[in-house]
Amino acid sequence: MVSDDHRHLLSILDLDREEIDDVLRDAATFAEIGTREIKKVPTLRGRTVVNLFYEDSTRTRVSFEVAAKRLSADVVNVSASASSVSKGESLKDTARTLLAMGADAIVLRHPSPGAPALLAGWVDACVVNAGDGAHEHPTQALLDLYTVRERFGRIEGLRLGIVGDVAHSRVARSAALGFRRMGADVVLVAPPTMVPLGVEVLDCEVSHDLDAIITSLDVVYLLRLQRERHREALIPSEREFVVGYGLTPARLELLAEDAAVMHAGPMNRGVEIASEIADGPQSVIQEQVEMGVAVRMAAIEALIGDKAPPANG
Ligand code: CP
């Protein structure tokens with residue numbers, strides 16, 4: 001998790017295979033703490049974690065807050081719409097203000113790809129990318145890896161299909177990179193208009209035909225249609241998208257009985273996934289949310305806990 005002079009988590013590729021294994025192992029310990037009556041350890045007493053969110057979030061923001069509080073850190077939540085950002089203050093000035101108040105880690109969600117990397121160059125604090133535009137969402141990938149390992153006992157050799165609006169999805173990009181790094185086969189399934197330029201760097205198969213490959217999948221990971229990032233019509237209609245790429249009850253019949261169904265949320269029920277499948281026995285969507293806290297505890301501790309390697313080290 002080292003880049004330049006400070007420790008950061010900007011991309012899932014900041015972690016090698018061994019470091020991902022370490023985070024998943026630590027997350028298992030932290031998950032146990034979540035089952036106790038008093039769900040708190042003193043690990044980060046005296047440290048301050050700032051959640052700086054320039055985009056809406058439910059799961060990520062709340063789970064980072066719960067994670068830091070369970071580690072006994074002081075937590076400050078800053079939402080751009082309710083801060084001086086709405087008066088035109090820049091990211092740099094906002095970050096420096098937060099730093100002056102003693103932030104040890106800044107968890108940043110931002111609509112612009114690369115914003116966390118810029119921030120990391122400006123501040124003397126650890127920066128965690130909580131989602132930057134269509135670029136990356138590394139802690140989502142970590143919790144996805146954790147969820148799959150819990151379900152199957154392994155990641156290596158599994159075949160994961162990531163389905164839908166791949167081009168606009170930071171979840172897809174981080175998951176593809178993370179699962180490939182851990183030895184899974186990944187196939188990106190999307191209409192041609194939703195395959196990102198330069199897809200080759202993700203080292204995944206690409207398919208435009210979900211029905212042709214669904215029987216081979218251990219995991220089917222549905223992506224939200226990112227309508228807010230579409231500058232033009234990419235599909236004839238939502239109905240057409242459902243016909244080709246939605247996980248419908250008819251299509252579920254093709255999926256192996258022990259295969260898992262994933263979605264990072266928020267879901268468009270009835271579009272990328274039928275509501276009854278989202279709530280059904282093959283869905284691990286609720287587990288993904290539950291694992292988010294433990295995995296983020298492990299990631300924050302790895303960055304600013306006592307065992308974290310020193311900056312410049
Ligand atoms: N999965 C995810 O990033 O959800 P939120 O946008 O609610 O944080």
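A polar contact is a pair of N or O atoms within 3.5 Å. The exercises below use this cut-off on a predicted model.

**Exercise 1. The ligand site**

Determine which residues surround the ligand, and which polar side-chain atoms lie within the cut-off for a polar contact.

*Solution.*
- Step 1. The surroundings of the ligand consist of Ser-57, Thr-58, Arg-59, Thr-60, Arg-109, His-137, Gln-140, Ala-264 and Gly-265.
- Step 2. For Arg-109, a polar side-chain atom is placed 2.8 Å from an oxygen atom of the ligand. His-137 likewise has a polar side-chain atom 2.9 Å from a ligand oxygen atom.
- Step 3. With Gln-140 the partner is a nitrogen atom of the ligand, 3.1 Å from a polar side-chain atom of this residue.
- Step 4. A polar contact requires N or O atoms within 3.5 Å; the distances 2.8 Å, 2.9 Å and 3.1 Å therefore satisfy the cut-off.

**Exercise 2. Two domains and their interface**

Describe how the protein is divided into domains, and how much area the domains bury between them.

*Solution.*
- Step 1. According to the domain assignment, domain 1 comprises 12–136 + 290–307, and domain 2 comprises 138–289.
- Step 2. A distance of 25 Å separates the C-alpha centres of domain 1 and domain 2. To their contact, domain 1 contributes 33 residues and domain 2 contributes 31 residues.
- Step 3. The size of an interface is often expressed as the accessible area lost when the parts come together. For domain 1 and domain 2 this buried area is about 2,800 Å², with 61% of it on carbon and sulfur atoms.

**Exercise 3. Pairs and elements at the interface**

State which polar and charged pairs link the domains, and which elements form the side of domain 1 that touches domain 2.

*Solution.*
- Step 1. Three salt bridges are counted between domain 1 and domain 2. Asp-21 and Arg-149 form a salt bridge through their side chains, at 2.5 Å from N to O.
- Step 2. Across the interface, 16 residue pairs are in polar contact.
- Step 3. On the side of domain 1 that touches domain 2, two or more residues each come from helix H1 (17–33), helix H2 (59–70), strand S5 (105–110), strand S6 (126–132) and helix H11 (285–304). H1 gives the largest share, eight residues.
- Step 4. Sorted by class, this side of domain 1 holds 17 nonpolar, six polar and ten charged residues.

**Exercise 4. Backbone exceptions**

Identify where a cis peptide bond and a positive phi occur.

*Solution.*
- Step 1. Most residues other than glycine have a negative phi, and most peptide bonds are trans.
- Step 2. Gly-265 and Pro-266 are joined by a cis peptide bond, with omega about -5°. Pro-266 belongs to the loop between strand S11 (260–263) and helix H10 (275–278).
- Step 3. Ser-72 has a positive phi, near 70°. Its loop runs between H2 and strand S4 (74–79).

Notes
Residues are numbered from 1 along each chain as its sequence is written. This is a predicted model: local features need pLDDT of at least 70, side-chain atom pairs count only at pLDDT 80 or more; totals for chains, interfaces and linings use all residues. Side-chain values use heavy atoms; hydrogens and water are left out. Domain bounds come from an automatic or database domain assignment. Contact means heavy atoms within 4.5 Å. Buried area is the accessible area (1.4 Å probe) that two parts lose on being put together, summed over both. A salt bridge is a side-chain nitrogen of Lys or Arg within 4 Å of a carboxyl oxygen of Asp or Glu. A polar contact is a pair of N or O atoms within 3.5 Å; within protein, one must be able to donate a hydrogen and the other to accept it, and residues adjacent in sequence count only if both atoms are side-chain atoms. Helices (H or I, at least four residues) and strands (E, at least two) are DSSP runs, numbered from the N terminus. Ala, Val, Leu, Ile, Met, Phe, Trp, Tyr, Cys and Pro count as nonpolar, Asp, Glu, Lys and Arg as charged, and the others, Gly among them, as polar. A residue is near a molecule or strand if one of its heavy atoms lies within 4 Å of it.
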